[in-house]
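Work through the exercises below with the sequence and the structure open side by side. Try each task before reading its solution.

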Amino acid sequence: MTADVLIIGGGFAGTALAYYLARDGASVALLEAGSLGGGSSAAPAGRAQIIDSENEKYLDLVLTGIKRLENLGEELGIDLEWTTPGHLTLISNENQWRNFEILVERLQRRCIPAEMMDLATVRKAEPFLNPEGFIGAAFSHEGHLNPFKFNAGFARAASRMGVKIIHGARVTGFEKTGKHINTVITTKGHFIGRVVLMAVGAWSGELAALAGTTFPMKFTHAEAVVSESLPPVLHHHIGMTGFYEAVHGSDRSVTLGIAQHINGTLVASNAVQKMEKLDLSSTDWGMPALCQAIRTYFPRLGGVRITRTWAAASPFTPDYLPAIGWLPGFDNLFIATGFHLAIPTIPILAEQAAQSILEFEESQLLSPYNPKRFYTEEGMQ
Ligand SMILES: Cc1cc2nc3c(=O)[nH]c(=O)nc-3n(C[C@H](O)[C@H](O)[C@H](O)COP(=O)(O)OP(=O)(O)OC[C@H]3O[C@@H](n4cnc5c(N)ncnc54)[C@H](O)[C@@H]3O)c2cc1C
């Protein structure tokens, strides 16, 4: 099969790119090793975070993305279950309190609802929470959607525009002439694309190696649990300070992030462990540790039944920012990976990337995320 653009990977990034490329007139085929959303995109809590934006520029991007998410369901023809419950970050010491005051003030300057809450206010806001050990919380506006529908919405809209989605097509190699990839070899046959687009998240290092280069993809192993459906017990998404430090730093840690979805289930993440090799299986310590955390912070929910548990890779680049652009050493290999705050940023970044690919032009919006920052003339830094 031949297409203008061959996309490898059917997570949020690959399906969003497929949609925007097809919408802009390209013929597209998407190759997915397993099933759509079977990588990290099957895992997220569904948060469209705002307060975690790294800097002013990233905050601009996230805020534009949040605006887009409000109407994205309509554009894609799917109910994304978009709600704006807001986020409470529980704070355990004065130092963190001061850091969050700065973040809250930054949001307030942008007229985004945000405030510091003392313990009495936190108790009133979340009666099921036992905030012992915390000194208060930072509240910030944020959105929430159903991640399965986010993935499926892009995939279905892309299919309606003629994108061919091939499930079970694991890429096993590339045929190249010089800097040009001629053929993508998969378990479902050979494919040819004018442009080859790698949107394989945590697998980016593996795929880059198959293409004869390197990419410094990093990931940790993250686990979560889902409960039976309950009447309303939580009003916000609730997390703890140190979430990103735990996810990206320690060897093994539990940092509770918990929310109640529209269908009444509680989704609680994250038991995090460093791993050298990609492994999507649950560990023997992750689920008990998460259940214990639920018991500690929500004692009245201690008897709730857990119906399923899962594990996924949480992918990130060395500077925690996305890598979107042409891969050095090739004239037709584009990479889109390492999405930080993926849900609010992917619709904007994928749309820009589609334009940049079809017009073969550098995009100003994407320039901070150019993958060439990880390479020197000699190769990877
Ligand atoms: C526990 C957890 C909670 C999270 N919570 C949030 C959240 O609340 N909000 C948020 O914005 N982000 C969250 N994230 C991050 C978010 O899930 C990821 O950033 C996002 O899903 C990455 O999407 P992707 O398309 O880049 O990668 P993926 O979804 O991993 O897609 C890559 C795809 O490539 C396929 N693939 C791999 N190798 C091959 C091959 N050789 N051939 C063909 N296909 C291949 C895989 O099967 C996979 O489907 C969370 C992550 C985790 C782990």
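The exercises that follow deal with a predicted model.

**Exercise 1. Domains and their contact**

Task: State which domains the protein chain has, and describe the side of domain 1 that touches domain 2.

Solution. Start with the bounds. The domain assignment gives domain 1 as 2-44 + 148-217 + 319-380 and domain 2 as 69-142 + 219-316. Next, take the distance: the C-alpha centres of domain 1 and domain 2 are 29 Å apart. Then look at the contact itself, where 20 residues of domain 1 meet 19 residues of domain 2. On the domain 1 side, helix 5 (147-160) and helix 9 are the elements that give two or more residues. Helix 5 supplies the largest share of that side, 7 residues. Sorted by class, the domain 1 side holds 12 nonpolar, 6 polar and 2 charged residues.

**Exercise 2. The shell around the ligand**

Task: Find which residues are closest to the ligand, which elements give two or more residues to its shell, and where the ligand lies relative to the domains.

Solution. First, count the shell: 39 residues surround the ligand, and the closest are G9, G11, G39, S41 and G201. Second, list the elements. Those that give two or more residues are helix 1 (12-23), strand 12 (218-229), strand 15 (265-274), strand 16 (306-316) and helix 9 (342-359). Of these, helix 1 provides the largest share, 3 residues. Third, sort the shell by class, which yields 21 nonpolar, 15 polar and 3 charged residues. Last, consider the domains. Domain 1 and domain 2 both contribute to the shell, so the ligand lies between them.

**Exercise 3. The largest nonpolar core and strand 1**

Task: Identify which members of the largest nonpolar core touch the most other members, then describe the surroundings of L6 and the pairing of strand 1.

Solution. Begin with the core, which has 112 residues; L6, I7, L17, V28 and L197 touch the most other members. Helix 1 gives the most to this core, with 9 residues. At least three residues of the core come from each of domain 1 and domain 2.

Now turn to L6. With neighbours within four places in sequence set aside, L6 contacts A29, L31, V184, F191, G193, V196 and L197.

Then examine strand 1, residues 2-8. This strand is mostly covered, with 5 of its 7 residues buried. Its pairing with strand 11 (residues 189-198) is parallel and runs over 6 bridges. Its pairing with strand 2 (residues 28-31) is also parallel, over 4 bridges. V5 shows both pairings: its bridge partner in strand 11 is V195, and in strand 2 V5 stands opposite V28.

**Exercise 4. The setting of I335**

Task: Decide whether I335 is buried or exposed, and say which residues it touches.

Solution. Place the residue first: I335 is in strand 18 (residues 333-337). Then apply the cut-off, by which 20 or more other C-beta atoms within 10 Å make a residue buried. I335 has 28 such atoms, so I335 is buried. Leaving out residues up to four places away in sequence, I335 touches M198, S204, F215, A323, G325, L327 and P371. Finally, compare chain position with position in space: I335 and I7 are 328 residues apart along the chain, while their C-alpha atoms are separated by 9.7 Å.

**Exercise 5. Backbone exceptions**

Task: Locate the cis peptide bond between S269 and N270, and describe the positive phi values of E81 and L341.

Solution. Recall the background: most residues other than glycine have a negative phi, and most peptide bonds are trans.

Step one is the peptide bond. S269 and N270 are joined by a cis peptide bond with omega of about 25°, and N270 is found in strand 15.

Step two is E81, a residue other than glycine with a positive phi of about 60°. E81 lies in the loop between helix 2 (56-76) and strand 4 (87-91). It has 17 C-beta neighbours inside 10 Å, so E81 counts as partly exposed.

Step three is L341, whose phi is positive and near 55°. L341 is in the loop between strand 18 and helix 9. It has 21 other C-beta atoms within 10 Å, so L341 is buried.

Technical notes
Residues numbered from 1 in each chain as written. Predicted model: local features only at pLDDT ≥ 70, side-chain atom pairs only at ≥ 80, totals over all residues. Near = placed C-beta within 6 Å. Nonpolar A, V, L, I, M, F, W, Y, C, P; charged D, E, K, R; others polar. Domains from an automatic or database assignment. Core = buried A, V, L, I, M, F, W, Y, C linked by C-beta atoms within 7 Å. Buried ≥ 20, exposed ≤ 12 C-beta atoms within 10 Å, placed from the backbone. Contact = placed C-beta atoms within 7 Å. Pairing = 2+ DSSP bridges.
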